[in-house]
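The following exercises practise the reading of a protein model. Each task is followed by a solution in steps.

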Amino acid sequence: MTTIRHHITDDLLMGYAAGALPRAFDLVIATHVSLSDDARARLAGYDAIGGAILEDVDAVELGDESLELTLTRIKGMPASEITPTTTRGIFPSPLQAAVGGGADAVKWRSLGMGTRQCVLHADKDASARLLYIPAGQAMPQHSHRGTEMTLVLQGAYRDESDRFARGDIEVADQDMNHTPVAEAGEDCICLIATDAPLRFSGLLPRIAQPFLGI
Amino acid sequence: MQDVMATLWHKSHLYDPTRASVATWIFTIARNRKIDLLRKYARPEPEDLPWGHQDTPDQADVIALQQDSARLAEAIRTLPEKQRTLIERAYYGDLTHSEIAAETGLPLGTIKSRIRLALDRLRHAMT
């Protein structure tokens with residue numbers, strides 16, 4: 001396993017623990033935590049804070065029928081089993097669940113120049129998509145209106161700030177205007193969540209933006 | 001509430017006392033059930049570690065984790081009021097930091113820095 005150098009920020013990890021993030025962000029963070037022992041340990045810390053606060057909350061009175069209702073529900077539910085989940089190929093299990101299989105099951109759409117994408121989820125809060133950039137190729141330069149998280153699954157890319165390889169996550173906000181370039185060698189596959197549409201700097205990509213849905 | 005209780009009952013054999021306190025385990029299950037039910041989808045969860053579930057937990061690990069949990073609870077109780085309130089809202093108010101900002105009228109920067117200060121204090125208390 002390669003060493004992960006770029007980690008998820010505290011506010012996003014805490015938001016994931018609290019269950020306050022949009023679905024697209026949950027997907028990227030669950031996938032990142034699957035690849036990063038550091039993120040897993042920090043997440044356990046944030047879960048523990050949630051538990052510790054829970055212990056401190058005052059008790060509330062429940063109606064008399066509450067126990068009866070609970071027992072009825074217990075009878076109606078199947079017992080839970082541990083479902084063994086493992087990374088197959090380059091996709092950890094939460095991503096496999098979102099795609100409905102491994103990397104070969106992705107329904108790519110071409111963006112031209114060999115670049116491809118697949119939107120996995122989009123709602124009013126945020127969208128998640130897979131992006132495929134051929135080795136050595138640049139992504140259109142863009143800035144952000146909101147927060148964008150990019151998790152590398154295969155290959156690596158560089159932008160003005162640094163190099164990002166498998167398991168690395170880059171969090172960009174509106175102040176950032178960057179041009180990621182896939183490294184030579186292996187084609188780069190990333191999982192990206194955005195909570196607002198990207199803003200491309202060039203004229204042509206801006207016209208294309210509504211059609212591409214990114 | 002009844003649904004969370006029923007889920008806890010059915011998942012009780014999966015609880016591992018070396019990995020989380022009972023309160024933390026209940027918290028994570030309640031959070032996930034709430035998302036499943038309110039948003040109508042299964043929350044994306046990280047995959048389990050390969051060594052997974054142990055049937056015979058090491059008692060030393062269990063005690064160490066209980067002590068850590070007690071220290072964490074104490075550290076949260078002794079946070080300055082303003083910091084503790086924001087941490088609680090972040091977990092149990094169902095609000096993002098920006099939404100807390102809109103509701104409290106505090107600037108987003110103030111909220112983020114208070115939460116950061118609170119987390120620093122908790123980290124300090126745990127080392």
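**Exercise 1: The build of chain B**

Chain B holds 127 residues, and 40% of these count as buried. The model is a predicted one.

Task. Determine how many helices and strands chain B has, and state which pattern chain B follows along the sequence.

Solution.
- Step 1. Count the elements: chain B has six helices and zero strands.
- Step 2. Read along the sequence: the pattern of chain B is α-α-α-α-α-α.
- Step 3. Consider the extent: along the principal axes, the C-alpha atoms of chain B fill a box of roughly 50 × 40 × 25 Å.
- Step 4. Consider the contacts: among those in chain B between residues at least 6 apart in sequence, 58% join residues at least 24 apart.

**Exercise 2: Two helices within chain B**

Task. Describe how helix 3 and helix 6 of chain B are placed relative to each other, and identify which residues make the contact.

Solution.
- Step 1. Recall the approach: two packed helices are described by the angle between their axes and the distance between the axes.
- Step 2. Apply it: the axes of helix 3 (residues 59–77) and helix 6 (residues 108–126) of chain B come within 9 Å and cross at roughly 140 degrees.
- Step 3. Classify the angle: angles over 145 degrees count as roughly antiparallel and 65 to 115 as roughly perpendicular, with the rest between these classes oblique. Helix 3 and helix 6 of chain B are therefore oblique to each other.
- Step 4. Give the handedness: helix 3 of chain B passes helix 6 of chain B in a right-handed crossing.
- Step 5. List the residues: Asp68(B), Arg71(B), Leu72(B), Ala75(B) and Ile76(B) of helix 3 make the contact with Leu122(B), Ala125(B) and Met126(B) of helix 6.
- Step 6. Sort them by class: the contact has six nonpolar, no polar and two charged residues.

**Exercise 3: A helix pair across the chains**

Task. State at what angle helix 1 of chain A and helix 4 of chain B cross, and which classes of residue form their contact.

Solution.
- Step 1. Find the geometry: the axes of helix 1 of chain A and helix 4 (residues 81–92) of chain B come within 8 Å and cross at roughly 55 degrees.
- Step 2. Classify: this angle makes helix 1 of chain A oblique to helix 4 of chain B.
- Step 3. Name the residues: Met14(A), Ala17(A) and Ala18(A) of helix 1 meet Ile87(B), Ala90(B) and Tyr91(B) of helix 4.
- Step 4. Sort them: six are nonpolar, none polar and none charged.

**Exercise 4: The surroundings of Ala20(A)**

Task. Decide whether Ala20(A) is buried or exposed, and list which residues Ala20(A) touches.

Solution.
- Step 1. Locate the residue: Ala20(A) lies in the loop between helix 1 (10–18) and helix 2 (23–35) of chain A.
- Step 2. Apply the cut-off: buried means under 20% relative accessible area. Ala20(A) has 16% and is therefore buried.
- Step 3. List the contacts: leaving out residues up to four places away in sequence, Ala20(A) touches Gly15(A), Arg39(B), Leu95(B) and Thr96(B).

**Exercise 5: A sheet in chain A**

Task. Identify which strands stand at the edges of the six-stranded open sheet of chain A.

Solution.
- Step 1. Read the order: the strands run 1-2-3-11-5-8, with antiparallel pairing.
- Step 2. Find the ends: strand 1 (109–112) and strand 8 (169–172) stand at the edges, each with a single partner strand, so one side of each lacks a neighbour in the sheet.
- Step 3. Add the twist, which averages 25 degrees from one strand to the next.
- Step 4. Examine one pair: seven bridges join strand 3 (residues 127–133) to strand 11 (residues 188–194), and Arg129(A) stands opposite Ile192(A) in strand 11.

How values were computed
Residues are numbered from 1 along each chain as its sequence is written. Chains are lettered from A and ligands numbered from 1 in the order in which they are written. This is a predicted model: local features need pLDDT of at least 70, side-chain atom pairs count only at pLDDT 80 or more; totals for chains, interfaces and linings use all residues. Side-chain values use heavy atoms; hydrogens and water are left out. Helices (H or I, at least four residues) and strands (E, at least two) are DSSP runs, numbered from the N terminus. Buried means under 20% relative accessible area, exposed over 50%, partly exposed in between (1.4 Å probe, protein chains only). Contact means heavy atoms within 4.5 Å. Axes are lines fitted to C-alpha atoms, for helices over the stretch in contact, and angles run from 0 to 180 degrees between N-to-C directions. Angles under 35 degrees count as roughly parallel, over 145 as roughly antiparallel, 65 to 115 as roughly perpendicular and the rest as oblique. A crossing is left-handed if the near helix is turned anticlockwise from the far one by less than a right angle, and right-handed if clockwise. Ala, Val, Leu, Ile, Met, Phe, Trp, Tyr, Cys and Pro count as nonpolar, Asp, Glu, Lys and Arg as charged, and the others, Gly among them, as polar. Two strands pair if DSSP finds at least two bridges between them.
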